[in-house]
Amino acid sequence: MNPKCPACGAGSWKVGFSRSNRRVYMCKSCGKKFNERAGTPFWYLKAPEKDVLTATLLYVKYPLSTYQVAELLELFGVRVSASSVGRWPQRFGTSAKRIAKRYKIKFSRIWHVDEKFTPHKRVPSKLWKRGKRKWAYQITVLDSESNVVASYLAPRRSTEAVKKVLRRAKEEAGFSPDIVVSDKYNAYDRGVNVLGRQTRHVRAHFEGKWIPYGKGAVLLSNNRIERYHSEIAPKIRSMRGVKNLERGDCFFQIYNFSHNFSKKGRLRRILGQLDLKLSLEGLTKLFYMARDF
Ligand SMILES: [Zn+2]
């Protein structure tokens, strides 16, 4: 089947090939022309798909800097620039969202929320020659299976920021949890209200707390999310913090997608259902197919 028009969603006709030998289509409704890569993360790129995918996987999954990824790939005969490596992950945002929507993860009904300091920008200061370090806050909602329900890179720690991430989480999961666990930071008290009355707010940190739940009791602590933080810390260090909050937020969305879907063989299973293998070719095809998800 021919791909749908990225502009209006109507069907298309085949109309020859582009100079770079890609199949070109024309929209049946609006008449716009687009090539076979339209609507995929690879649209408007010259680099081969497998190089884009390899670089993105290395950069997102491992605590390597953009330069390290470029250097490493050069040894394998793949030439990519460090700045491309830094930009490419953002291209996978839309497709990742579509895949996550089609293959929904069943989140548990106990969530953990916490924030992590992330270096953002230096502001000029008389005291410090290089400027005073400013922070952003990566707020993450984790379920009790360590799946990331939602995250938000906030400019400051505030009730507003907490509300925003919890609203995202509620939308993502499609329900409000029974219990939300946070530390004692007071922005969570009012922030949790967006989840509605049925959600209980429990404050616990390293030391666990026994809370009656269902027919028994659960031991709740925020250790799970601290562990997740120690997982993202080396990545943040390798990025030397975030330069732009929106792009940083987008990066973490991709990061969380890869975190959620590489667990429990999820990606392998999805690819298997589509008759694809867990390989660069399989993943490339998945991202092509995600256009219609
Ligand atoms: Zn169209």
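**Notes on a predicted model with a zinc site**

1. Let's start with a cysteine: Cys27 has a relative accessibility of 1%, so it counts as buried. Please keep in mind as you read that this is a predicted model. Cys27 has a partner at the zinc ion called Cys30, and Cys30, at 37% relative accessibility, counts as partly exposed. The cut-offs explain the two labels, because buried means under 20% and exposed means over 50%, with partly exposed in between.

2. Now for the metal itself. Which residues hold the zinc ion? The SG atoms of Cys5, Cys8, Cys27 and Cys30 coordinate the zinc ion, at 2.2 to 2.3 Å. Along the chain, these donors follow the spacing C-x2-C-x18-C-x2-C. The angles subtended by the 4 donor atoms run from 101 to 122°, and therefore the arrangement is tetrahedral. The rule behind that word is that all angles must lie between 85 and 135 degrees.

3. Next, find helix α1, residues 49-61, and helix α3, residues 82-91. Their axes are 9 Å apart and the helices pack at an angle of about 90°, so α1 and α3 are roughly perpendicular to each other. On the α1 side you will find Asp51, Val52, Ala55, Thr56, Tyr59 and Val60, which meet Val85, Gly86, Trp88 and Pro89 of α3. Sorted by class, this contact has 7 nonpolar, 2 polar and 1 charged residues.

4. Stay with α1 for a moment and look towards helix α8, residues 245-261. Here too the packing angle is about 90°, and the axes are 10 Å apart; α1 and α8 are therefore roughly perpendicular to each other. Tyr59, Val60 and Lys61 from α1 meet Phe251, Ile254, Tyr255 and Ser258 from α8. This contact divides into 5 nonpolar, 1 polar and 1 charged residues. Did you spot two familiar names? Tyr59 and Val60 take part in the contact with α3 and in the contact with α8.

5. A further helix pair is α9, residues 266-273, with α10, residues 280-289. Their packing angle is about 70°, with the axes 11 Å apart. That makes α9 roughly perpendicular to α10, because angles of 65 to 115 degrees fall in that class. Leu267, Ile270 and Leu271 of α9 make the contact with Gly282, Leu283 and Leu286 of α10. By class, the residues of this contact are 5 nonpolar, 1 polar and no charged.

6. Between α9 and α10 there is a loop, and Asp275 sits in it. Asp275 has a positive phi of about 65°, although it is not a glycine. Why is that worth a second look? Most residues other than glycine have a negative phi. Asp275 is exposed, with a relative accessible area of 74%.

7. Ser146 also deserves a look: its phi is positive, about 65°, and it is not a glycine. You can find Ser146 in the loop between β5 (132-143) and β6 (148-154). Is Ser146 buried or exposed? With a relative accessible area of 13%, Ser146 is buried.

8. Finally, visit Leu195, in the loop between α6 (187-191) and β8 (200-203). At 1% relative accessibility, Leu195 counts as buried. Leaving aside residues up to four places away in sequence, Leu195 touches Trp111, Leu166, Lys170, Ser176, Pro177 and Val180. Leu195 and Phe175 are 20 residues apart in sequence, and their C-alpha atoms are 8.6 Å apart in space.

Technical notes:
Residues numbered from 1 in each chain as written. Predicted model: local features only at pLDDT ≥ 70, side-chain atom pairs only at ≥ 80, totals over all residues. Heavy atoms only, no water. Axes fitted to C-alpha atoms, helices over the stretch in contact; angles between N-to-C directions. Helix = DSSP H or I, 4+ residues; strand = E, 2+ residues; numbered from the N terminus. Parallel < 35°, antiparallel > 145°, perpendicular 65-115°, else oblique. Contact = heavy atoms within 4.5 Å. Nonpolar A, V, L, I, M, F, W, Y, C, P; charged D, E, K, R; others polar. Donors = N, O, S within 2.8 Å, 3.2 Å for Na, K, Ca; no water. Tetrahedral: all angles 85-135°; square planar, octahedral: opposite > 155°, others 65-115°. Buried < 20%, exposed > 50% of the residue type's maximum accessible area, 1.4 Å probe, protein only.
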